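Me: I'm new to this one and would like to go through it slowly. Could you take me along the chain and explain terms as they come up?

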Amino acid sequence: MKLFSFFIIIFLSIIDCFSQNIPVPRNYSVIESVLGDLDKDGVDELVVAYNTKSNEDEIREGVPRELIIYKKLNNKWTIWQKSMQALSGSSDGGPMGDPFGQISIEKGILKIYHEGGGSWKWNHTDKYRFDGKNFRLIGYESYSGMLCEHWEGVDFNLVTGKINFTKEFERCTNEGQNQEIYKRENETFFKKGIVITLQNRSAKDIVIVSPKYRHEIYLATTLD
């Protein structure tokens, strides 16, 4: 079902791109596109997620992806910003395969969602806001864990530095049919001074250790 939905998204996105007369880079293929006002000038920008290859076999095996943001100048879409680090590769979702979830624009905020894993599952959402020069990461949310083991949730506001971290320990009975949360750890703390942009999103690993429970929080692009 997920694979079928993925190809439907590709098909609809390609139709949308052609209707928008997007100058698709040579040998690239469109994953998804979205319109929205990102710089609050009253005019929509166009954000497109691309595979850097168009061959389906290569995409399944794994190719890098690029995010390009276009502005319309003289009635033509012109590249405004782009990043090779904002999107995970096409096979970076672990056993689940393609990690791409969606891109969206809400109240001027660009959101990028990924998910993946196998028995250990994960998802995360990056939130970017244009600061007049760059698209800066202002929010990061993630949820990961394994059935009958534990689940961790992170909500990080990079503007204020506030981090809400939760961990629920789970046990299962009746061969996993019934799940029970037997322990919870909640922690709120601050970590300021982390600056991440659309262009350097995965330039290095960032690890934050919570002060109370000493949990490690990874601001990585993938968690496979």
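Reply: A word on terms before we start: helices and strands here are DSSP runs, numbered from the N terminus, with at least four residues for a helix and at least two for a strand. Please also keep in mind that this is a predicted model.

Me: OK, so where is N75 found?

Reply: N75 sits in the loop that runs between strand 3 (65-73) and strand 4 (76-83). Its phi is near 65 degrees, which is a positive value in a residue other than glycine.

Me: And is N75 buried or exposed?

Reply: N75 has a relative accessible area of 64%, and because exposed means over 50%, N75 counts as exposed.

Me: What about N27, what is phi there?

Reply: For N27, phi is near 70 degrees, again a positive value in a residue that is not glycine. N27 belongs to the loop between helix 1 (2-19) and strand 1 (29-36).

Me: Switching topic, how many disulfides does the count come to?

Reply: The count comes to one disulfide, formed by C148 and C172, whose sulfur atoms are 1.9 Å apart. This pair links distant parts of the chain, 24 residues apart, with C148 in the loop between strand 8 (135-146) and strand 9 (150-157) and C172 in strand 10 (residues 162-173).

Me: Why is the disulfide left-handed?

Reply: The torsion about the S-S bond of C148 and C172 is about -100 degrees, so the disulfide is left-handed. As for accessibility, C148 is partly exposed at 26%, and C172 is partly exposed too, with a relative accessible area of 23%.

Me: H150 is in strand 9, right where I'm looking. Which residues is H150 in contact with?

Reply: Setting aside neighbours within four places in sequence, H150 is in contact with W120, S144, G145, K167, E168, F169 and E170. H150 has a relative accessibility of 16% and counts as buried, because the cut-off for buried is under 20%.

Me: Now the interior: which members of the largest nonpolar core touch the most other members?

Reply: That core has 32 residues, and V47, L67, L110, I112, F156, L198 and I208 touch the most other members. A second, separate core has nine residues, among them L46, V48, Y50 and I68. As background, nonpolar side chains in soluble globular proteins tend to be buried together.

Me: And what does F156 touch?

Reply: Not counting residues up to four places away in sequence, F156 touches I138, G139, Y140, G161, K162, I163, K191, I194, I208 and L219.

Methods. Residues numbered from 1 in each chain as written. Predicted model: local features only at pLDDT ≥ 70, side-chain atom pairs only at ≥ 80, totals over all residues. Heavy atoms only, no water. Core = buried A, V, L, I, M, F, W, Y, C linked by side-chain atoms within 4.5 Å. Buried < 20%, exposed > 50% of the residue type's maximum accessible area, 1.4 Å probe, protein only. Contact = heavy atoms within 4.5 Å. Disulfide = S-S within 2.5 Å.
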